[in-house]
Amino acid sequence: MKQHQKGLALWLLAILLLLAGALLTGSPGRSESVQEAMRDAVLHDVNQVGLFGLMEVNPGMISAFVVTAVLLIAAVCIRCFVIPRFHYNPGKLQLLLEEWVGLFDRMARGDSPHRCKFLGAYIFAAGAYIFVGTLFELLGIQAITVHGHSVTLPAPLSDVNAAIAMGTLSYLVILSGGIAGNGVKGVGKTLKEFSLPISMSFRLFGALLSGLLVTELVYYYISLSFVLPVLVGVLFTLLHALVQTYVLTMLVSMYYGEVSEPGEPKLKKSHRADII
């Protein structure tokens, strides 16, 4: 018991010494100001990464390629090695997969019972991409820029181009549901919500970028970079991953069900006269 207390006291003393040293030394000299660091986190006009030596791209594009590859490989592995071993009495992994799939399946059936198979598949894929892509920045994977600096790969959707692509794709999925359900009338229903792709895109971009900027600001100062970044980074990232996954999939499911709902068939004149 005494040895345990002694070890704990030594750990606390070491942490206090490190914290005191950080506060006393302050922030080291940096090649860029905090304003430049925050600006580049938004525009990516300085810290660009080479894509196989062909072109210079934003770090978010590299993140998007990595996340997409991870999801595809995971999907193939689950389909080939996990699903064939499903049992009537499910294990923990089977329960997790069934609950994850069932969540989006119930959402699709609730909002669009007449046309839910494609909708369920899309919101599942979009939700998985947003959730995993948002958590990706917690890994802290480093990349070398074209200028030789090291940068951490951000979440793919913290790049405005990726957020616009996700919002536009979701709007096209909603439009396809309107066409499949109501033909030309479905197109009219969907086009009425002309601001929908903009709102979905910038909601994703703004939410994920805010977390990135707060974390970048905290990491910029060494006196804050011992305990606070862990709390800020993990809490912001988890919160945004859950909230943005739910918000986008819920909006797509709701609007898809609205525009794809078949209208009431028109009665013929003779049939109307019989009813009257």
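Ala, Val, Leu, Ile, Met, Phe, Trp, Tyr, Cys and Pro count here as nonpolar, Asp, Glu, Lys and Arg as charged, and the others, Gly among them, as polar. The model on screen is predicted.

**Stop 1: the second largest pocket**

Select Leu 71, Ala 75, Trp 100, Phe 124 and Ala 128. Of the 27 residues lining the second largest pocket, these are the closest to its centre. The pocket has a volume of about 860 Å³. Its lining consists of 24 nonpolar, one polar and two charged residues.

Now colour the helices. At least two lining residues come from each of helix 3 (59-82), helix 4 (92-111), helix 5 (117-135) and helix 6 (160-182). Which helix gives the most to the lining? Helix 3 does, with nine residues.

**Stop 2: helix 3 against helix 5**

Show helix 3 and helix 5 together. Their axes come within 10 Å and cross at roughly 120°, which makes helix 3 oblique to helix 5. The crossing is right-handed. On the helix 3 side, select Ala 64, Val 67, Thr 68 and Leu 71; on the helix 5 side, Ala 128, Tyr 129, Val 132 and Gly 133. These contact residues divide into six nonpolar, two polar and no charged. Leu 71 and Ala 128 belong to this contact, and both were among the residues picked at the pocket centre.

**Stop 3: helix 4 against helix 5**

Hide helix 3 and bring up helix 4. Helix 4 and helix 5 have axes 9 Å apart and pack at an angle of about 130°, so helix 4 is oblique to helix 5. This crossing is right-handed too. Helix 4 makes the contact through Trp 100, Val 101, Phe 104, Met 107 and Ala 108. Helix 5 answers with Leu 119, Gly 120, Ile 123, Phe 124, Gly 127, Ala 128 and Phe 131. By class, the contact has ten nonpolar, two polar and no charged residues. Trp 100, Phe 124 and Ala 128 take part here and are also among the residues closest to the pocket centre.

**Stop 4: helix 5 against helix 6**

Keep helix 5 and swap helix 4 for helix 6. How do helix 5 and helix 6 run, roughly parallel or roughly antiparallel? Their axes come within 11 Å and cross at roughly 170°, and angles over 145 degrees count as roughly antiparallel, so helix 5 and helix 6 are roughly antiparallel to each other. From helix 5, select Phe 118, Tyr 122, Ala 126, Tyr 129 and Ile 130. They meet Met 166, Leu 169, Ser 170, Val 173 and Ser 176 of helix 6. This set divides into eight nonpolar, two polar and no charged residues. Tyr 129 appears here as well as in the contact with helix 3.

Definitions and conventions: Residues are numbered from 1 along each chain as its sequence is written. This is a predicted model: local features need pLDDT of at least 70, side-chain atom pairs count only at pLDDT 80 or more; totals for chains, interfaces and linings use all residues. Side-chain values use heavy atoms; hydrogens and water are left out. On a 1 Å grid over the protein atoms alone, a cavity is a set of points where a 1.4 Å probe fits but cannot get out, and a pocket is an open set with protein on both sides within 12 Å along at least five of seven lines; lining residues have an atom within 4 Å of a point. Grid points are joined across faces, edges and corners, and a volume is the space filled by probe spheres set on the points. Helices (H or I, at least four residues) and strands (E, at least two) are DSSP runs, numbered from the N terminus. Axes are lines fitted to C-alpha atoms, for helices over the stretch in contact, and angles run from 0 to 180 degrees between N-to-C directions. Angles under 35 degrees count as roughly parallel, over 145 as roughly antiparallel, 65 to 115 as roughly perpendicular and the rest as oblique. A crossing is left-handed if the near helix is turned anticlockwise from the far one by less than a right angle, and right-handed if clockwise. Contact means heavy atoms within 4.5 Å.
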